[in-house]
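I opened my notebook to get to know a new structure, piece by piece. Come along and look with me.

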Amino acid sequence: MKTEMTNVDVCGVVIELQNLVNSRLDKAFLVERDNNRELILKLHVPEGGSRELVVSVGKYKYITLTNYERDKPKIPPSFAMLLRKYLKNAKLVKIEQVNFDRIAIFHFETRDGIYKLIIELFGEGNVIFLNSEDTIISPLRVEIWSSRRIVPKEKYQFPPQKPLNPYNIEYSIAYDVFKDYFLNNRGVECVRLVSRVFGIGGLYAEEICERAGIDKKKKELSEEEIKILFETSKELFNEVFNNRKPQIILKDGEHYDVVPINLKKYENLEKKYYKCFLEAVDDYFAKFLTNVEVKKKKSKIEKEIERQENILKRQLETLERYKKDAEKNQIKGDLIYANYQIVENLLSAIKQAREKMDWARIKKIVKENKDHPILGLIEDIRENKGEIIVRLKADVGDRTIEERISLDIRKNASENAERFYEKAKKLKHKVEGIKTAIELTKKKIDELKKKEEKTLGEDVPEMKKKKRKERKWYEKFKWTVINGFLVIAGKDAITNEILIKKYTDKDDIVFHANIQGAPFTVIKTQGRDVDEETLEEVAKFSVSHSKAWKLGYGAIDTYWVRPEQISKTAESGEYLKRGAFVIRGERHYYRNTPLELGIGILEYDGNLKITTAPPKTLKKHFIKWVLLKPSNKEKGKVVKELKELFKEYDVDDEEILRVLPPGGCEIVK
């Protein structure tokens with residue numbers, strides 16, 4: 001069962017994570033469980049809302065976007081706090097895999113420069129935080145090798161590169177490198193060479209050999225076979241890059257592997273296909289971690305049951321051993337009596353011989369008389385213990401019993417037999433004691449299981465999948481409904497540009513607060529005339545969602561224009577930044593427009609939704625609402641209060657946070 005990603009998996013994940021580029025980091029969390037740590041980065045994605053990127057190191061090593069809820073610590077560990085300090089609201093500008101290795105780099109842009117998070121998914125796994133000069137600020141784990149040091153203030157160094165990697169396989173020189181590697185390593189199995197030249201695991205190296213029709217153990221390949229292997233490698237990597245078929249492999253109904261493409265090795269196994277590899281990875285490891293969590297959180301009762309069952313197992317084994325030993329000792333005593341005269345004569349002969357000669361002479365005589373009817377019964381002499389080992393047999397019914405028996409030469413036949421009977425008697429007594437102990441253990445297990453039925457059901461944890469509500473196109477922006485008109489506003493430079501270019505029609509009306517960095521606010525008229533009351537309410541909405549709210553202004557000017565007055569063509573010699581436009585022609589101003597805004601529940605588009613609006617609109621059209629005012633109050637606390645106020649409408653943190661004005665706010669009591 002797979003517990004960590006391969007470099008092929010990392011490639012598939014990094015390709016799909018490109019949708020996170022231009023997102024901003026909200027918070028970092030670190031969840032620790034057993035021998036595993038999950039770094040969770042909460043990111044706000046333009047037009048995509050909040051997503052959680054999970055990086056797991058330790059026992060399970062993977063990167064994915066998750067749809068599953070984690071229990072996050074109330075007090076973040078120091079590494080998570082460090083990332084929050086440096087990367088709060090940082091822009092994720094680049095995600096890359098290094099040399100097709102199990103290493104991914106996340107580049108974050110801040111006012112102080114570019115910071116990097118290096119994710120290493122080999123060994124125990126690690127997350128390393130670097131500054132703009134690639135100096136380590138802090139690693140999740142300090143690691144020291146002979147060639148690399150992952151410690152603070154050291155320059156970060158990548159592990160040694162492989163001879164070739166799939167990212168440069170299309171270059172003309174790539175085949176020469178591949179061929180030379182095979183020719184210079186003759187005598188090595190081809191599957192090992194494929195694995196080493198690309199630095200890929202055995203699974204994919206074997207897949208390449210099988211697809212190429214070449215025995216993976218073959219050595220001394222011809223140039224034609226080397227060429228076939230090379231071309232097959234290109235085809236496989238091209239599938240990973242451009243034609244993924246993400247799937248979880250099931251074996252006996254359980255998760256066994258997760259892969260980005262079809263593999264011959266798994267063609268006869270059950271598969272569950274996914275639209276994207278990230279979702280497959282998320283489901284695979286979430287199931288895995290759920291099983292681990294269940295084991296981790298086993299109740300004390302379960303653990304005690306396990307302990308008692310182990311005791312019972314040992315008791316039953318001991319019982320069987322005592323029974324066998326008792327029976328064997330009984331048989332040995334019986335055999336001595338069955339051969340009483342022979343044993344007595346043998347012991348007498350040895351005693352007499354011992355009076356006349358040493359043990360060496362006795363052993364020699366015994367060895368020379370193997371065919372003697374009495375001396376031939378002796379198999380060994382242990383002079384240090386004063387014992388002789390004899391083989392005795394007797395017919396009992398229709399069968400013959402035979403045993404090797406040690407006889408004490410200082411005792412007679414009867415005393416030797418009694419010695420074995422006494423052992424058998426003691427063992428039988430122990431058997432009875434063990435039986436009593438077994439009954440007590442069974443009773444204790446039964447009592448624990450009855451107790452378990454009442455309590456265990458509450459102890460089994462489940463990893464819950466988040467319910468991602470389907471969002472309409474306008475919910476990517478700030479939005480509201482005023483007197484039946486849909487009103488949408490940008491959130492930043494990117495959404496501002498998307499709003500004007502993609503979602504603004506010629507009959508619409510566009511507001512812009514008279515402050516730098518204000519978003520465009522668009523009234524979707526659908527060809528209808530807009531009355532003065534609606535214009536005044538939209539004016540309030542536009543200023544309330546501008547930077548003026550964050551700065552604590554009471555009122556500012558705003559104006560509206562037609563879409564044809566808005567242009568991306570700058571004046572001669574000037575340059576427009578992303579999200580900026582030039583406005584030409586007459587502007588219709590609303591002077592000293594007050595910043596008035598509230599939040600509430602509105603029925604629109606067939607659903608109950610939470611959004612903001614000016615007070616008059618709230619009173620006229622909203623089901624339940626409260627007013628807001630600018631404040632320095634922590635946004636998280638406000639969201640919590642609002643969630644409690646609107647709890648009967650099943651709104652979540654993200655829905656509330658998405659519609660709030662920029663900066664802080666608080667509820668008007």
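Here are my entries, grouped by the part of the chain I was looking at.

**Entry: before I start**

I am working with a predicted model, so I keep that in mind throughout.

**Entry: the start of the chain**

I began with Lys2, which sits in the segment ahead of helix H1 (7-16). Is Lys2 buried or exposed? Its relative accessible area is 11%, and the cut-off for buried is under 20%, so Lys2 counts as buried. Next I looked up what its side chain meets. I found a polar contact of 2.9 Å between the side chains of Lys2 and Asp257.

**Entry: the sheet that holds Asp257's stretch of chain**

I then turned to strand S13, which covers 254-259. Which strands make up its sheet? I found an open sheet of 3 strands in the order S13-S12-S14, with antiparallel pairing. Strands S13 and S14 (270-273) are the edge strands, and each of them pairs on one side only. Ignoring direction, neighbouring strands here are turned by 30 degrees against each other on average.

I also looked at one pair by itself. Strand S12 (residues 247-251) and S14 are joined over 4 bridges in the antiparallel sense. As a landmark, I noted that Leu250 stands opposite Glu270 in S14.

**Entry: helix H3 and its two partners**

For helices, I noted what to look up: two packed helices are described by the angle between their axes and the distance between the axes.

My pair to begin with was helix H3 (residues 172-183) and helix H4 (residues 190-198). Their axes are 10 Å apart, and the helices pack at an angle of about 135 degrees. That angle makes H3 oblique to H4. The crossing of H3 past H4 is right-handed. On the H3 side, Phe178, Tyr181 and Phe182 make the contact. On the H4 side, the residues include Cys190, Leu193, Val194 and Phe198.

Then I checked H3 against helix H6 (residues 223-242). How do their axes lie? The axes come within 10 Å and cross at roughly 130 degrees. H3 and H6 are therefore oblique to each other, and their crossing is right-handed. From H3, the contact uses Ala174, Tyr175, Phe178, Lys179, Phe182 and Leu183. From H6, I wrote down Ile226, Leu229 and Phe230 among them.

Reading my two contact lists side by side, I marked Phe178 and Phe182: they touch H4, and they also appear in the contact with H6.

**Entry: a sheet with a helix packed on it**

Further along the chain I found another open sheet, with 3 strands in the order S15-S16-S17 and antiparallel pairing. Why is one side of S15 and of S17 left without a neighbour in the sheet? Strand S15 (378-382) and strand S17 (399-408) stand at the edges and have a single partner strand each, so one side of each has no neighbour. From one strand to the next, the twist averages 25 degrees.

What packs on this sheet? Helix H9 (residues 340-356) does, and it touches S15, S16 and S17. The direction of H9 makes about 165 degrees with that of S16.

I finished this entry with the S15 pairing. S15 and strand S16 (residues 387-396) are paired over 4 bridges in the antiparallel sense. One bridge I picked out has Arg382 partnered with Glu387 in S16.

**Entry: strand pairs later in the chain**

Strand S28 (residues 624-630) gave me two pairings to write down. It pairs with strand S26 (residues 597-604) over 5 bridges, in the antiparallel sense. In that pairing, Ile601 has Lys624 of S28 as its bridge partner. S28 also pairs with strand S29 (residues 665-667), antiparallel again, over 3 bridges. There, Pro630 is matched with Cys665 in S29.

**Entry: two positive phi values**

I ended with backbone angles. Most residues other than glycine have a negative phi, so I wanted to note residues that do not follow this.

Asn22 has a phi near 85 degrees, a positive value. Asn22 lies in the loop between H1 and strand S1 (24-33), and its relative accessible area of 25% makes it partly exposed.

Asp605 has a positive phi too, near 60 degrees. Where does Asp605 lie? It is in the loop between S26 and strand S27 (607-613). At 40% relative accessibility, Asp605 also counts as partly exposed.

Note on methods. Residues numbered from 1 in each chain as written. Predicted model: local features only at pLDDT ≥ 70, side-chain atom pairs only at ≥ 80, totals over all residues. Heavy atoms only, no water. Buried < 20%, exposed > 50% of the residue type's maximum accessible area, 1.4 Å probe, protein only. Polar contact = N/O pair within 3.5 Å; in protein donor to acceptor, adjacent residues only side chain to side chain. Pairing = 2+ DSSP bridges. Axes fitted to C-alpha atoms, helices over the stretch in contact; angles between N-to-C directions. Contact = heavy atoms within 4.5 Å. Parallel < 35°, antiparallel > 145°, perpendicular 65-115°, else oblique. Left-handed = near helix turned anticlockwise from the far one by under 90°.
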